[in-house]
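Trainee: I should like to learn how helix packing and a nonpolar core are read from a model. Please take me through one case.

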Amino acid sequence: MKYLFLFIFITITSIVKAQDFAALKAGQSKAERIIFNDEDAKAMMAFYDRSANKTQNKLIASVQASANKHIPPVLFTMAMVLFGQEKYSDACFWFYVAQLRSRYDVNRSVDKTVSAANWNGPIGMSINQYAFEHLDTLEKVVPQVVAYVTANDEII
């Protein structure tokens, strides 16, 4: 439970840091508009709903099927859930997709205080540790991530 609160705190901190309400204008990154996407907020909260464990796999399948419409924090959260389900390869894949997309968003952001590193600590530590202890998985996943991100434009 304490990890849930820590993650929510980091998420909110990331959202607040990503928002410059006075400077919102056309052309800013998706990271700066994160707070306005109700569908993604609902998906993230559903991942944390312990009573919805039976629907977790349905939610995961839904997010995976429409991953291009979701912001990186949703993909990070899904990766964490997959890792908890011991679906390590899938967790690595979605974590690195989210990481690559969030870095791209951060690099385009007009708010230079935004950082993709906010997600690395709470989620990336376990996934990175697993990946670097299982280099065979990492060697398969990285080219898949690059191919996926290259072939799939984000819709948001």
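The dialogue below turns to helix packing, the core and one buried site.

Mentor: This is a predicted model, in which local features need pLDDT of at least 70, side-chain atom pairs count only at pLDDT 80 or more, and totals for chains, interfaces and linings use all residues. Residues are numbered from 1 along each chain as its sequence is written, and side-chain values use heavy atoms, with hydrogens and water left out.

Trainee: At what angle do helix α2 and helix α4 pack?

Mentor: Helices are DSSP runs of H or I with at least four residues, numbered from the N terminus. Axes are lines fitted to C-alpha atoms over the stretch in contact, and angles run from 0 to 180 degrees between N-to-C directions. Here α2 (residues 38-48) and α4 (residues 72-84) pack at about 15 degrees, with axes 9 Å apart. The two are therefore roughly parallel (angles under 35 degrees).

Trainee: Which residues make the contact?

Mentor: Contact means heavy atoms within 4.5 Å. From α2 come D40, A43, M44, F47 and Y48, and from α4 come P73, V74, T77, M78, M80 and V81.

Trainee: Which residues touch the most other members of the largest nonpolar core?

Mentor: Such a core joins buried Ala, Val, Leu, Ile, Met, Phe, Trp, Tyr and Cys residues through side-chain atoms within 4.5 Å; buried means under 20% relative accessible area (1.4 Å probe, protein chains only). Of its 32 residues, F47, L75, M78, W94, Y96 and I127 do so. Beyond four places in sequence, M78 contacts F47, I60, V63, Q64 and W94.

Trainee: Is T137 buried or exposed?

Mentor: T137, in helix α7 (residues 135-151), is buried at 12% relative accessible area.

Methods. Buried < 20%, exposed > 50% of the residue type's maximum accessible area, 1.4 Å probe, protein only. Parallel < 35°, antiparallel > 145°, perpendicular 65-115°, else oblique.
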